[in-house]
Amino acid sequence: MNRTLDRVTEKQRLGPDAQVDDKALVFVPTDPALTDPFLALVEDRFSAPGFEWHPHRGLETVTTVVDGVLEHGDNLGHAGALEPGEVQWMTAGKGIIHRELAYRNEHAHVLQMWLNLPAAKKLTPSRYQDLTRAAMPRLRLPGVHIDVHAGTVDGVTGAADTHHPVQGLVATLDPESSYTLEVPAEHRLFAHVMNGGLLVAGRTLHAGQTGWSDPVKSPHPTTLHLRATDPEHPARVMIYSGTPLREPVALGGPFVMNTKLEITKAFADFHAGAFGEVPRTARLAYDR
C-alpha cells in the first residue's frame, strides 16, 4: 500500500532570543494526539550562550547536528562534541541535567526532536547515545544517500536503541533521483524537508515544510515514495515514523508526563536534588 500525506505543516520562524541566534518551530505539541509519539521538532542556530544546564524527565531528545559543532555534557559524567550529520539520542527518563552549547562558542545549527516515552518507561534510567559519523549505518544507492538513525531501512539497521518502535533517517537525493521507503503500517510518519524540493507521496514539498502520514490498516508494510524535484540541487529530508502511544500527555516546561500531578512531582524532585547536582564541569578544552 502506498502512503499518502494527511496534512502538510509549515515551519514557523521565531528569530533570535536570549539563548539562540535564530529559532524556528517545525512542529510543537499544540495537539499531541496529531503527532504522537513525536512531541516537537525545533530548529536552533546558536553561538553563545546556547542552552546551559537544565533538566528533563519523561521523554527522549533526539538532536541532529545540521552544521557547526555541538558541545554537550550531562550530570552522569558524559561530555563531548558532535559534528554535522551526527545525532545525540538522549533518554531523559527518570531525570537528567544537561547542557547544549556551540563548541568554542562558534556556531551550532541543530534540529532537536522530542520523542515521548511510554508511561511504563517514563522513569527508566537516563542515558546518552551518540550516533557518530564514523559509526553511522548508511545506505548508498544510485543518487540516494541515507543515514539510518533508528529502525531498519533496506536491511540497514540504525545504531539507536529505542524504547518503542521508531524508524528514523536523513536522506539526501540527487536532482531528479527517487527512492521508495518501506514503513510499518502502524507507524505515524513525518517527512521534514531540510533542503531543496521533494515530491513526497505525490505532493510537492519545499524546504521548511513537513508532510504527515497517519497509521493505516494493512497487514503488510506500506511504502512512501520520494523524488527530488529540483533539476539542479539535491534534496535532503528527515523522515521519522513510530507507533503512537495513545496515552495522556501532560506538559510542564522540560518535563513530559501523563498527568499534571506527575509534572508537579517532577519539579519537586528536581528542586529536592533527586536528579543529582547541577554539574560544575568546565567547557571542553581546545587548542587556541
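The exercises below, each with a worked solution, concern a predicted model of a single chain.

**Exercise 1. Describe the overall build of the chain: its secondary structure, its dimensions and its compactness.**

Step 1. Count the elements. The chain holds two helices and 26 strands.

Step 2. Compare the radius of gyration with the globule rule. The chain has a value of 19 Å, and the rule gives 19 Å for 288 residues, so the chain is as compact as a globular protein of that length.

Step 3. Take the extents. The C-alpha trace spans about 55 × 50 × 35 Å along its principal axes.

Step 4. Check how contacts are distributed along the sequence. Of the contacts with a separation of 6 or more, 73% are between residues 24 or more positions apart.

**Exercise 2. Characterise the burial, the surface and the charges of the chain.**

Step 1. Of the 288 residues, 55% are buried.

Step 2. The exposed area is about 12600 Å², and 53% of this area comes from carbon and sulfur atoms.

Step 3. The side chains include 27 positive and 34 negative ones, with the centres of the two sets 4 Å apart.

**Exercise 3. Locate the largest nonpolar core and say which elements give two or more residues to it.**

Step 1. Recall the general expectation. Nonpolar side chains in soluble globular proteins tend to be buried together.

Step 2. Identify the core. The largest one has 26 residues, and Tyr179, Leu198, Val200 and Ile239 have the most contacts inside it.

Step 3. Assign the elements. Two or more residues each come from β14 (144-150), β17 (166-173), β18 (178-183), β19 (188-195), β20 (197-200), β23 (222-228) and β24 (235-242).

Step 4. Look for a separate core. Another core, of 22 residues, lies apart from the largest one and includes Val26, Leu41, Val62 and Ala160.

Step 5. Examine Val200. Beyond four places in sequence, Val200 touches Leu5, Ala191, Leu205, Leu224, His225 and Leu226.

**Exercise 4. Determine the environment of Phe38.**

Step 1. Place the residue. Phe38 belongs to strand β4, residues 38-46.

Step 2. Classify its exposure. The relative accessible area of Phe38 is 0%; the cut-off for burial is under 20%, so Phe38 is buried.

Step 3. List the contacts beyond four places in sequence. Phe38 meets Phe27, Met113, Trp114, Leu115, Arg188, Phe190, Trp212, Tyr240, Ser241 and Gly242.

Step 4. Take one pair from that list. Phe38 and Phe190 are 152 residues apart along the chain, while their C-alpha atoms are separated by 9.1 Å.

**Exercise 5. Find the cis peptide bonds before Pro37 and Pro49, and the positive phi values of Asn105 and Ala201.**

Step 1. State the background. Most peptide bonds are trans, and most residues other than glycine have a negative phi.

Step 2. Take Pro37. The bond from Asp36 to Pro37 is cis, with omega near 15°. Pro37 sits in the loop between α1 (32-35) and β4.

Step 3. Take Pro49. Ala48 and Pro49 are joined by a cis bond with omega of about 5°, and Pro49 is in the loop between β4 and β5 (51-56).

Step 4. Take Asn105. Its phi is near 60°, and Asn105 lies in the loop between β10 and β11. A relative accessible area of 38% makes Asn105 partly exposed.

Step 5. Take Ala201. Its phi is positive, about 50°, and Ala201 is in the loop between β20 and β21 (203-206). Unlike a partly exposed residue, Ala201 counts as buried, because its relative accessibility is 17% and the cut-off is under 20%.

**Exercise 6. Classify Tyr128 and His233 as buried, partly exposed or exposed, and place each in the chain.**

Step 1. Tyr128 is in strand β12, residues 127-131. Its relative accessibility is 13%, so Tyr128 counts as buried.

Step 2. Beyond four places in sequence, the residues touched by Tyr128 are His72, Gly73, Asp74, His78, Gln88, Trp89, Met90, Ile96 and His98.

Step 3. His233 is in the loop between β23 and β24. With 45% relative accessibility, His233 counts as partly exposed.

Step 4. Add a distance for His233. His233 and Glu176, 57 residues apart in sequence, have C-alpha atoms 8.9 Å apart.

Terms used
Residues numbered from 1 in each chain as written. Predicted model: local features only at pLDDT ≥ 70, side-chain atom pairs only at ≥ 80, totals over all residues. Heavy atoms only, no water. Helix = DSSP H or I, 4+ residues; strand = E, 2+ residues; numbered from the N terminus. Buried < 20%, exposed > 50% of the residue type's maximum accessible area, 1.4 Å probe, protein only. Contact = heavy atoms within 4.5 Å. Core = buried A, V, L, I, M, F, W, Y, C linked by side-chain atoms within 4.5 Å. Rg over C-alpha atoms; globule rule 2.2 N^0.38 Å. Areas by Shrake-Rupley, 256 points an atom, 1.4 Å probe, with all protein chains shown as cover. Lys, Arg positive; Asp, Glu negative; His and termini not counted. Charge placed at Lys NZ, Arg CZ, Asp CG, Glu CD.
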